[in-house]
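Work through the two exercises below on the pockets of the structure shown here. Try each task before reading its solution.

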Amino acid sequence: MVEYHASLSAEASAFLSGEHRLYIDGCWVEPMKEGVLHVQDPAKGSEISRVAEGRAADIDRAVIAARRAFENGPWHAMKPSGRASIMLALADLIDRQAQVLAEIETMETGKPLAFALGSVRSAANMLRYYAGWASNLGGREVPLSSAGEWHAYTRREPVGVVGQVIPWNFPLSMAVWKIAPVLATGCTSVLKPAEQTPLGALRLAALFEEAGVPAGVLNVVPGYGGDAGARLAAHPDVDKIAFTGSAETGRSIVQAALGNLKRVTLELGGKSPVIVLPDADMERAVPGAANAIFFNSGQVCAAGSRLFVHRKVFDNFVADVAVQGAKMKMGHGLDESSRVGPLISARQRARVQSMIEQGLAEGATIVGETAPIPDGKGYFVAPHVLADTNPDMSVIRDEIFGPVVCAIPFGDEDIDAIAKAANHTSYGLAASIWTQNLSAAHRLSNRIRSGNVAVNSHAIADVELPFGGYKESGWGRERGSEVLNHYTETKSVAIRLD
Ligand code: NAD
């Protein structure tokens, strides 16, 4: 009998201790071969749930169901308003169950409950936003120059069966980021959640039928990346693969997708710069820079992990960011006072710790005091600010995906020189600029090579704004209207009238 945290609701603990199968073709089914995923509470380092492990053969079953739902049946014939109603119903169900969904997210990721709740609410709103798009995906009439009389137009048609692979940092909202454009465009999906955090997507799947999603349209198959994930990426009857995760896995996905040249979109990692000019409003910039890296224990693709600060204000600024980090209380996500949760696993903690140690061995130093780690077996790493780094160090080059920021001084006010230093990375996902100088803000943001730039804020999460990366941070965009281009094919139709 697992002992859950004292403040976990009865509904969430009943869910965690229940049986979890695969969701294929509208039914909960056993996997073809016996196998189990052991889900942990990372704040305690103990098992909280067991989930059936789907493998390649289960992915094959799910793809058959998704193909059938795409080609035939109610989904194929459904009008955009019907799809929108389903999305709105699903959004309402998520809102109604927000507390339980957030508790489940906290239990499987370790993040503070308030952040999990925010993430759940934003997932519901994302469905509402894309519900509005379902009826707005028309093509356009095109005047032709060819001889004769023509009526020519374009149509936007669903790309087909989509494989979707997501990471563990935001299990529920990542799942909704993926399924919302599927529902809006009339595609069908096989979603594979991360092996560490399958529960959020499974709880979401339990709402599909009540929301009116027809069988086979959305299938959820938890499993390991190298087996279930790899099969989904390589599957010859999958038309598109949408992936969020590490750049390394992104490369495997691209290789696997070559067989049938399926469409590929990738949301990968980052090493995003936070740039503080000397005229910045420090009251906002200090907590802004601290949250940019310490939110979700740094396990955010857009985390501001390189902190560029003008030499005039460098010492005080980085000392203040370190103080902010040390003050954020580490603890179990269900303890109300916790601001920083654990990392997702012992493996991730070991990886982050070894990257910090390597940085220190190469000459980096820790700014200020780091907070003591909570007692127990949780996978905590304290917020760290590192100084005395140089561009060749791995802590500067590689994504750490933990609460570690490298502070780098600059003396130059030349915008091109600042942009060059910020762009010195293989990634290009996000950036933030802190200044009150309008001209510097615009000129710098134009020169930063990344998909998202925020001024006097970091990594804006609004659904209306497209999100994605330059360079090795990915292919394509999610959110906004842009993602819909990746879930539709454009067909040109030309009718000779004379
Ligand atoms: P990961 O690449 O190891 O795993 C992500 C997902 O891919 C998991 O579901 C995993 O099972 C699956 N996977 C692993 N190997 C696979 C394979 N060969 N074929 C198919 N699927 C496979 O990443 P992670 O360490 O779990 O997540 C952290 C990474 O995700 C970070 O690099 C982070 O920056 C990135 N991330 C990016 C975004 C974004 O939107 N750009 C968002 C969140 C996380």
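The exercises treat the two pockets in turn. The model is predicted, so local features need pLDDT of at least 70 and side-chain atom pairs pLDDT 80 or more, while totals for chains, interfaces and linings use all residues. Numbering runs from 1 along each chain as its sequence is written, and side-chain values use heavy atoms, without hydrogens and water.

**Exercise 1.** Describe the largest pocket and its lining.

Step 1. Its volume is about 1,100 Å³. A pocket is an open set of points on a 1 Å grid over the protein atoms alone, where a 1.4 Å probe fits, with protein on both sides within 12 Å along at least five of seven lines; lining residues have an atom within 4 Å of a point. The volume is the space filled by probe spheres set on the points, which are joined across faces, edges and corners.

Step 2. The lining has 39 residues, and Trp 168, Phe 243, Gly 245, Ser 246 and Thr 249 are the closest to the centre.

Step 3. H10 gives the largest share, six residues. Helices here are DSSP runs (H or I, at least four residues), numbered from the N terminus.

**Exercise 2.** Which residues lie closest to the centre of the second largest pocket, and which helix gives the most to its lining?

Step 1. The second largest pocket holds about 750 Å³ of space.

Step 2. Of its 29 lining residues, Phe 170, Phe 295, Ala 459, Ile 460 and Ala 461 are the closest to the centre.

Step 3. H6 gives the most to this lining, with seven residues. Helices H7 (171-185) and H11 (282-294) each supply at least two.
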